[in-house]
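Welcome, and please open your viewer. We will go from stop to stop, with something to select at each one.

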Amino acid sequence: MRFWSKLKSLVGRKKLEAEMTEEMRAHLEMQTQVNRAAGMSSDEAGYAARRQFGGMEQLKEQCRDERRHGWLWLEHFAQDLRYAAGSLRRNPIFSLTAVLTLVLGLGATTTIFTLVDTVVWRPLPYAEPHRMVESFQFNRQALRDWSEVQQVVDRIETYQPRSMVLSREMEATQIRADAVSPGLIELLGRPPAIGRSFGKDDAVEGNQFVILLSHGFWQRHFGGDPEVVGRKITLDDRPYTVIGVMPRGFGFRRPSTAAWIPLLPATSESALKQRVEMIARLRPGLGLEAARAAVTVLNRQLNQSHPQPETWGVGLMTLDQTRVNSGPRQMMMLTLGAVMFVLLIACANVANLLLVRATVRQREFAVRAALGAGRARLIRQVLTESLMLVAFGALGGLLLAQWAVQAIWRLAPEELRALTVNAVGIDWRVMTFAIGLVGLAALICGLVPALRASRLDANQTLGSARAATPTRGQRRWQQGFVVVQTALAFVLLVGAGLLLRGFLRVNAVSPGFEVHNLAALSLTLPSKRYPSPAQRQDFYERLRERVAGLPGVAETTLAVGVPPSGGGFGVSADVEIEERPPQKLGPGEFLPFNTVADDYFRVMRIPIVRGRSFDLQDVPGGPPAIIINDRMAGRFWPGADPIGQRVRFSSRQPWMIVVGVAGDVKARGPSDENGNLEYYDSMRQRGYGAYSTLVVRTAGDPRQLDRTIRNEVTTLDPRLPIASFSPAERLMAETLAVPRFCLGLMTGFAGVALVLAAIGLYGVMSYTVAQRTQEIGVRIALGGAAGDIMALVTRSGLALTGVGLTVGILAAAGLTRFLQTMLFEISPLDPATFVGVAAILALIGIAACYVPARRAAKVDPVVALRSE
Amino acid sequence: MAKEKSDLLQGTLDLLVLKALQLEPMHGFGISVRIRQMSDEVLQVEQGSLYPALYRLEEQGWISAEWGTSDNNRRARFYKLTAAGRKQLSAETESWERLSAAINLVLKGT
């Protein structure tokens, strides 16, 4: 369509132009005739007529304007586009440089924006996700009896995350399958793509072996077979029939959930003691705050009727809460800010390029102005050119982003990916953002050159025979852009530098136990084959024996969890100490505990600072022994000896005796502030549970024993799923995975910013040298040495850098305070970082001046002076 | 080339052009002659104003144009009033009369 109408208007316009010319000429002729009739000679008559007529071109222009009043802007725009395209084509080096710079800037920004949008902003793929709330770890009995909750929500569904063993031929793998109440999928509002969802009949004893697949799982394990309904898979040694597949892009509750099975209603005593996660829809018209307030009241009533030894407060959170209030989100936003800096620097580069071009084209603009183009028209035309450049840059940038987003997402840490079930990709929101960016960039790049280009005095420019020189104002703008670039680069580098140093410090702090040559093997013993603690104990002990006998293994021990995941359980109730009033924990404070074997502290190299570790004195059935950590001892027994004291965490618990105090460990990873309390109880006393971790101290690199140790597990019980075997170092590092990832990105951007700023400086310096060729020629002719000339150029370049640095330092000093929360033991105004970055930029500045300086020194004064 | 005509002036010119075409269609040169004649040589419309006005009026649909032959066998573009143009002419005439009466009142008063 575009082609035809262009053709038509082209043909049409020629015709219309011809007609207009003819009309005017007819008028002229008639006027000439009248003049002749009045007595002038033919020559005079014609001359008078023409003179009286005035400028025909201008008149035609006006008429054209009038005629196409409504379409004027379109025609002008089309003209501008054509003109811009031609102009860009005639200057390929310039165009390519500008476009590539923009591709880099726009592409990077779009990539990060897509990531941030997917992870943080895009709504979850459910119907009305903002009306849904969830609460964790609800006791089923309490939920069943809690009719008052109907005041707040109008639909409650529950689910239990389950880890099940998928058996296929020779392999056993663990998958996450959530057991959901029948109406839950329906509540979320997305119908299955294939087959059906659950109904009430599926939640009946005997019927519950049906399974609903996620899209990804369907692709991976059934190859996307459209006839998958009715096929069977084996989970936990039982066949499940596939009843449907959910659409692509749907996930619940985590991206790793592979499938869903029905949750049977709680009827038996033991079932009612289970805990479930609750999802509910708020009553229409009820806001979240009001709901929360109502729930707090109901909560108290609930606690009175159903007190639990480990009481969890019922809190309502929207589904989005984890995304909204998290550290990863902060880091992602920071990365977005960093990439915007890069974009600004890139735009400044392109603006400078355009400024230089505007200088070269001064004469061309003067001619256009003389031909009747108004100032507004000229500005529009230059803006169109920059718009075209930016548009190409954006197209290239989008392509780059498409690829980069997928590549980066694959490298992203699990913690980040778990924040959303949305699939990562460019959608209309990103496109809208990209278009907005384009407009902004075009303005930044094009406005100044456009304004300068249009402010010409035609006479002056056309009159001089010299090649066009930049006005002083123009040079000022160029220098201004370079100063801004340098400042931006400085701020970015300082920010990245501070974060990096903080990160390194976090890593360097001792975790409280010996991390090297340590590995953890997590085990899950299915209750069907290991129903009693005795059987589990038997398995663990046999496994320990076998593993301890392997070459390369120094020691083994057993615990429920190891840092950084700790024990996974904790209490948030009051700490009752015998003969003292109960000690309250702070709001939101949490007292985690870990169940460990006797030699745990020895193998982990955790010091026992007082008392003893667990040993044979602590018999099952006897008074429960606990070991508290140093922090806890200092908090609840300041200045006193806690050994022998009796503690419990609820009136229904028996009194426990403190037998030892252990050193603090970073139970939740290197960034754990060591402010946390922790206690341990004895595995021998508590009993061996189904979830445990075998801790292995190796002689050398634990990764080499990965296969061997797993083989031991399989030898003992071939049907046990391949448990995860991880060196402790890697586990600890993984908790810092998100900051490391974001930091990597930011460092990359800082590098790119540095390169772009250097290029910008180099460009301006080269140009300045070229412009001052005559002056340099004079200096050389008057006896200036090469070294002096180089120093001259370098000095001016350094002056520019210096101004940029000053601005940058001031800006950074003001801005880095926003990083405070993310900096670990490093001040936002850390002088070493500031000085270091300034030094780097100064060096880069000198390097960027080097080539132009040398070129200046090599100027042949004869040539330079002759070019006038 | 700034178009600095005030709206008042522009509207007046439009009115004159429409009036000039009331009797019969005419080409651009002829219109300027006719306006001069009708105004007793007082109003001399220059091409720089006339043609843009003609094109504007054509764009707005109050006059239409056709190619024809002039008195001296020259091909020229003839303009004529459309039905809407006639209506516009009477409406503008009326509002001009009201305006000038008002101005006269102001000038006469002390």
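Is A:Arg605 buried, partly exposed or exposed? Select A:Arg605 and show the surface around this residue to make your guess. The answer is partly exposed, because its relative accessible area is 42%, which falls between the 20% limit for buried and the 50% limit for exposed. Keep in mind, as you look, that this is a predicted model.

Stay with A:Arg605 for a moment. You will find it in the loop of chain A that runs between α20 (600-604) and β16 (608-611). Its backbone deserves a look too: phi is near 60°, a positive value in a residue that is not glycine.

Now select A:Asp236, where phi is also positive without the residue being glycine, at a value near 50°. This residue sits in the loop between β6 (232-235) and β7 (238-245) of chain A. With a relative accessible area of 35%, A:Asp236 is partly exposed.

**Into the core**

Next, hide the surface and select A:Ile112, A:Leu115, A:Phe490 and A:Phe749. Within the largest nonpolar core, which has 58 residues, these four touch the most other members. Several helices of chain A supply at least two residues each to this core, among them α5 (92-121), α18 (472-508) and α25 (737-771). In soluble globular proteins, nonpolar side chains tend to be buried together.

Zoom in on A:Leu115. Beyond its neighbours within four places in sequence, its contacts are A:Met332, A:Val405, A:Ile408, A:Trp409 and A:Val424.

Then pick A:Leu166, A:Ile211, A:Leu235 and A:Ala259. They belong to a second, separate core, made up of 32 residues.

**Where two chains meet**

For the last stop, colour chain A and chain B differently. How many residues does each chain bring to the contact? Chain A brings 24 residues and chain B brings 21 residues. Together the two chains bury about 2400 Å², with 55% of that on carbon and sulfur atoms.

Show side chains here and select B:Arg77 with A:Glu23: they form a salt bridge, at 3.8 Å from N to O. Four salt bridges are found across the interface of chain A and chain B, along with eight residue pairs in polar contact.

On chain A's side of the interface, α1 (2-37), α2 (42-53) and α3 (56-67) each supply at least two residues. The largest share, 13 residues, comes from α1(A). Coloured by type, the residues on this side are eight nonpolar, seven polar and nine charged.

Notes:
Residues numbered from 1 in each chain as written. Chains lettered and ligands numbered in written order. Predicted model: local features only at pLDDT ≥ 70, side-chain atom pairs only at ≥ 80, totals over all residues. Heavy atoms only, no water. Contact = heavy atoms within 4.5 Å. Buried area = accessible area lost by both parts, 1.4 Å probe. Polar contact = N/O pair within 3.5 Å; in protein donor to acceptor, adjacent residues only side chain to side chain. Helix = DSSP H or I, 4+ residues; strand = E, 2+ residues; numbered from the N terminus. Nonpolar A, V, L, I, M, F, W, Y, C, P; charged D, E, K, R; others polar. Core = buried A, V, L, I, M, F, W, Y, C linked by side-chain atoms within 4.5 Å. Buried < 20%, exposed > 50% of the residue type's maximum accessible area, 1.4 Å probe, protein only.
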